[in-house]
Amino acid sequence: MAEALVKVLLERLATVALGKVRGEFKLVFGFEEEVKSLARNLEAIQAVLEDAEQRQVTEATVRRWLSELTEVSYEIDDVLDEWITQVRKRQMEKEEKHALAIAKKVRSSASSFISGSKVRRFIHRREMAGRIKELNERLALIDKEKQSFNFQNTTRDPQLLVRQKTTSLPNVKTFGRDNEKNLIVSKLLSESSEGNEAPLIIPIVGMGGMGKTTLAQLVYNDENVKSYFDKRIRVCVSDPFEEIKIAQAIIECLDRDNTSKNSNQLQILVECIYELLEGKKFLLVLDDVWSPKLTQWEELIKSLCNGAIGSRVLVTTRKKEVATLMKATTQLILLEELAQTFCLSLFYYNADMNESSVSQELQDIGLEIVKRCNGLPLAAKTLGSLMRNKKKIHEWQAILRSKTWELKEIQQDVFRPLLLSYHDLTPTIKRCLLYCVIFPKNYVYNKNNLIELWMSQDYLDAKGSKEKITIGQNYFDDLGMRSFFQDVVVDAKIENITCKIHDIVHDFLQYLTKNECLIQDFELGASERTEVPNDKVHHLTLLHATESDSLVSFLLSYKKLRTLTAIDSSNNSTNPIFELTVQLKCLRTVILHPRNNGLVEIPEMIGELIHLRYLDLSGNDKLKELPSAMGSLYNLQTLRLVGCDSLRKVDVRRLINLRHLYVDGCGSLSIIQGIEKLTDLQRLDRFRVGDCDEENKFEDLKDLNQLQGGLTIETKGNPNMAEKAIMVNKAHLLQLKLDFQLSYYAERQREIMNGLELHPCLESLSISYYEGGAFSRWLLSLHSLRVLTLKECNNCRSFPPLGKLASLESLHIERLDGVEKVGVKFLGIDGQISSSIFISFPKLEKLTIEDMRLWKVWEGVEGWMREEENSENNNITIMPCLSQLTISLCWNIKALPDFLWKTPLQKLHIKASPFLQELYRRKKKRAEISHIPNIKLG
């Protein structure tokens with residue numbers, strides 16, 4: 001951590017030496033020279049930090065030296081950040097006063113400034129200079145002490161910093177587990193159950209890193225397993241075993257809308273699961289089970305006993321004792337080490353190399369490296385990922401001969417390959433990876449959110465915010481390619497990725513950050529909690545905190561916190577936690593997610609958190625307003641208020657560094673004051689437009705041309721002047737949802753739609769509740785559009801000619817109740833075709849049409865082609881990439897056009913559409929669709 005921190009400090013000092021900031025410190029005698037001396041000391045220390053970082057694993061004295069350097073560096077960072085903030089803040093206030101004077105036509109002069117403020121500034125400068133001098137003296141001692149360690153001066157090879165650019169994270173592939181998979185699948189699909197009891201429990205037991213979770217996922221996603229069970233449920237359990245949370249997760253999988261999942265009473269949850277599973281054959285995967293008590297397991301298993309015969313529970317665990325407790329030892333599957341041949345295959349696959357094309361010398365070295373994996377798939381995967389960008393023999397030899405393999409201080413064998421991969425990272429990427437440990441095991445990381453958190457800690461090397469996001473994305477991809485992330489899910493619709501960290505990797509990161517990052521679970525007894533020196537902890541996470549005197553004294557003892565995260569805190573502890581939070585002046589990041597309700601108000605003292613960059617108050621649904629003191633948070637970059645349902649307004653007029661604002665789920669929010677001034681805003685998830693003075697206007701969006709990612713625009717009432725939003729200038733916006741809720745006038749809606757012409761680079765568009773009839777012409781100009789959803793546009797009488805959208809891959813049409821007939825216009829061939837060759841929907845892969853109540857006819861092209869006099873126009877290709885078609889809740893449609901059966905369909909699903917279901921069950925019609933591999937009628 002120290003290596004990257006020193007780099008940040010040198011960048012800050014460079015900032016201090018420029019412009020207005022330099023002018024301020026030149027006013028203090030000797031201060032400029034002090035800053036230069038500080039920079040020299042840091043540069044001298046920086047030269048040896050790579051060697052020091054590696055030696056600290058085995059040398060306690062080096063570890064202590066680095067710890068002292070880290071503490072001093074943090075303090076220097078605080079002082080410099082405070083100095084820069086104050087100077088820039090005063091400049092902003094001066095500009096505001098000047099603008100106000102001009103507005104009032106009052107001559108601005110130096111005499112208008114109160115002399116008292118000058119005195120305060122002078123005193124503040126002297127204090128800052130004194131603090132810098134004292135810290136520089138401490139740093140000089142640390143620099144002097146480094147001589148006794150005989151560190152090697154090292155500089156990274158610039159070529160090693162250049163990573164191969166990738167467009168996606170690696171695909172998951174397994175090796176050598178076919179026998180185990182087939183055995184488990186046979187147990188799942190077997191009709192027999194011991195004693196005819198449901199469910200049968202099948203434990204997979206193996207040490208950490210052996211691939212238990214991956215094997216369970218393989219089985220869970222097997223096509224035969226999918227079709228055999230009525231319900232499939234997967235829950236990550238981890239340690240401790242919390243039966244209430246497990247039960248809530250099961251209900252969430254079975255019935256997402258069921259309100260019983262919000263209960264904290266086990267009896268209610270058990271009864272709910274019991275009812276939901278009645279008569280159903282289900283598969284439940286309980287992943288990573290540690291040490292449940294017998295009573296806990298017995299309570300949970302009660303809820304599972306109402307399923308049909310053939311139901312199964314698949315459990316992954318490191319402990320055979322768990323199988324014994326569950327009375328499932330006869331079904332136990334012991335996962336052994338992976339054979340060396342398969343370890344080699346896994347190694348080369350993750351190295352992105354073809355084993356057969358590798359030179360014999362590299363093969364020999366690779367074999368020796370893989371032998372050190374001891375049959376652990378996680379180790380082979382990690383080492384393979386490490387070698388992805390190493391193509392030279394000396395690079396492979398360096399890994400094989402590394403002293404890391406000989407370290408006796410390493411807690412687990414699998415830590416050694418992880419440490420090798422960790423040391424190969426740049427200092428800044430190391431910090432980004434280590435910061436992930438602020439969240440507990442099995443936490444689902446959101447790529448965009450993670451990047452914003454890294455930004456809040458100044459971990460990303462760039463000057464501009466846009467550049468920081470790009471660098472953060474590169475860092476995330478690099479960590480993914482090195483297998484530090486798993487369970488990666490790519491959501492192409494919203495251009496985002498979620499992932500998890502393997503529990504072994506999480507243990508490894510905790511091992512590296514044991515004094516700096518701390519997670520305290522208040523559901524554990526005091527004796528079970530981790531104890532570390534309070535003055536060393538900079539990132540603290542509280543789980544399940546409850547109000548108590550011990551919580552107050554506990555939290556206030558961590559004076560140097562830069563991150564405070566409180567997850568699942570009780571209602572009565574949320575407000576006390578936040579009242580204590582505002583006394584922790586070094587904070588950069590605050591995350592406060594309550595169990596229910598949460599904060600009622602925020603104290604005015606929040607304005608004193610001058611370093612704060614990231615504030616997440618999501619889920620505090622009793623919070624009605626934000627204090628005016630929020631305007632003092634000059635450095636705030638990210639404000640998350642998702643699900644703050646009672647919040648009426650947000651004032652961002654003075655938050656000039658705000659780049660990310662999230663207000664989805666703020667049902668009462670009518671106005672974001674000053675948003676029109678945030679011309680550098682990059683993320684805004686939802687914007688509600690109204691027709692009253694105290695509501696947002698379309699015009700507020702006019703200059704927000706840096707917006708990127710996704711945005712939902714809600715129109716409420718009878719708004720006007722949509723064209724003033726100038727949406728066509730927002731080239732970085734990739735996803736847009738237009739929601740015409742509570743807009744009563746069809747003519748007005750048509751004007752709004754026409755005024756919202758979008759940039760042609762938009763990739764995803766959703767239009768809901770539009771009552772204006774025909775869609776705007778600009779819809780067909782969206783040549784980059786990949787995803788389109790049209791929902792509940794009831795005055796629409798026909799589908800627009802969407803076949804002309806050259807990039808469209810997914811189309812969802814739902815509840816266009818005015819449509820009775822779909823003709824060739826939908827395919828884009830209703831008028832003159834400019835070329836004799838025309839491809840309708842050239843890239844469409846997925847088409848879903850549902851809940852079309854009046855729809856009766858979907859015409860083919862045969863009639864149109866007969867009517868065409870020019871036979872050259874008959875060379876038409878329709879939907880050449882279509883692989884999935886779903887027709888649902890279309891009660892009156894009689895038949896589907898024949899051109900659909902000429903497409904490469906892989907999945908056809910027709911449900912709640914009685915005429916179609918009856919038609920395609922007939923022998924003759926069934927033959928027409930028999931070539932489609934996956935057909936569901938019902």
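Two strands pair if DSSP finds at least two bridges between them, and in this predicted model strand 3 (residues 282-289) is joined to strand 4 by 5 bridges, with the two strands running parallel. The protein chain that holds these strands has 938 residues, and 54% of them are buried. Its secondary structure comes to 29 helices and 32 strands, and the points below take up the chain as a whole before turning to a few of its parts.

**The chain as a whole**
- Among the contacts in the protein chain with a separation of 6 or more, 66% are between residues 24 or more positions apart.
- The accessible surface of the protein chain comes to about 41,900 Å², and carbon and sulfur atoms account for 49% of that area.

**Strand 4 and its neighbours**
- Strand 4, which covers residues 312-317, has 6 of its 6 residues buried, so it is largely enclosed by the rest of the structure.
- Arg 312, Leu 314 and Thr 316 point one way from strand 4, whereas Val 313, Val 315 and Thr 317 point the other way, and the residues of both sets are buried.
- Strand 1 (residues 200-205) also runs parallel to strand 4 and is joined to it by 6 bridges, with Val 205 having Thr 317 as its bridge partner in strand 4.
- For strand 3, one of the residues to follow in the structure is Leu 283, whose bridge partner in strand 4 is Arg 312.

**Nonpolar cores**
- The largest nonpolar core has 128 residues, and those with the most contacts inside it are Leu 542, Leu 765, Phe 826, Trp 858 and Met 879.
- Leaving aside residues up to four places away in sequence, Trp 858 touches Val 822, Phe 826, Leu 847, Ile 849, Ile 887, Ile 893, Ala 895, Leu 896, Pro 897, Phe 899 and Leu 900.
- A second core, separate from the one that contains Trp 858, has 88 residues, including Val 225, Leu 344, Leu 400 and Leu 434.

**Helix 15**
- Helix 15 spans residues 340-350, and its buried residues are Cys 343, Leu 344, Leu 346, Phe 347, Tyr 348 and Asn 350.
- These buried residues of helix 15 pack against helix 16 (360-371), helix 17 (377-386) and helix 18 (393-400).
- Just after helix 15, the backbone at Asp 352 takes a positive phi of about 60°.

**Asp 458, a buried residue in a loop**
- Asp 458 lies in the loop between helix 21 (447-456) and helix 22 (465-481).
- Asp 458 has a relative accessible area of 14%, and because buried means under 20% relative accessible area, this residue counts as buried.
- The side chains of Asp 458 and Arg 12 are joined by a polar contact of 2.4 Å.
- When residues up to four places away in sequence are not counted, Asp 458 touches Val 8, Arg 12, Arg 431, Lys 468 and Arg 613.

**Cysteines**
- The structure holds 0 disulfides.
- Cys 499 is in no disulfide, and the nearest cysteine sulfur, which belongs to Cys 436, is 7.5 Å away, whereas a disulfide needs a pair of cysteine sulfur atoms within 2.5 Å.
- Cys 499 is buried, with a relative accessible area of 1%, while Cys 692 is partly exposed, with a relative accessible area of 40%.

Key:
Residues are numbered from 1 along each chain as its sequence is written. This is a predicted model: local features need pLDDT of at least 70, side-chain atom pairs count only at pLDDT 80 or more; totals for chains, interfaces and linings use all residues. Side-chain values use heavy atoms; hydrogens and water are left out. Helices (H or I, at least four residues) and strands (E, at least two) are DSSP runs, numbered from the N terminus. Buried means under 20% relative accessible area, exposed over 50%, partly exposed in between (1.4 Å probe, protein chains only). Contact means heavy atoms within 4.5 Å. Accessible areas come from the Shrake-Rupley method with a 1.4 Å probe; for residues, only the protein chains shown count as cover. A nonpolar core is a set of buried Ala, Val, Leu, Ile, Met, Phe, Trp, Tyr and Cys residues joined through side-chain atoms within 4.5 Å. A polar contact is a pair of N or O atoms within 3.5 Å; within protein, one must be able to donate a hydrogen and the other to accept it, and residues adjacent in sequence count only if both atoms are side-chain atoms.
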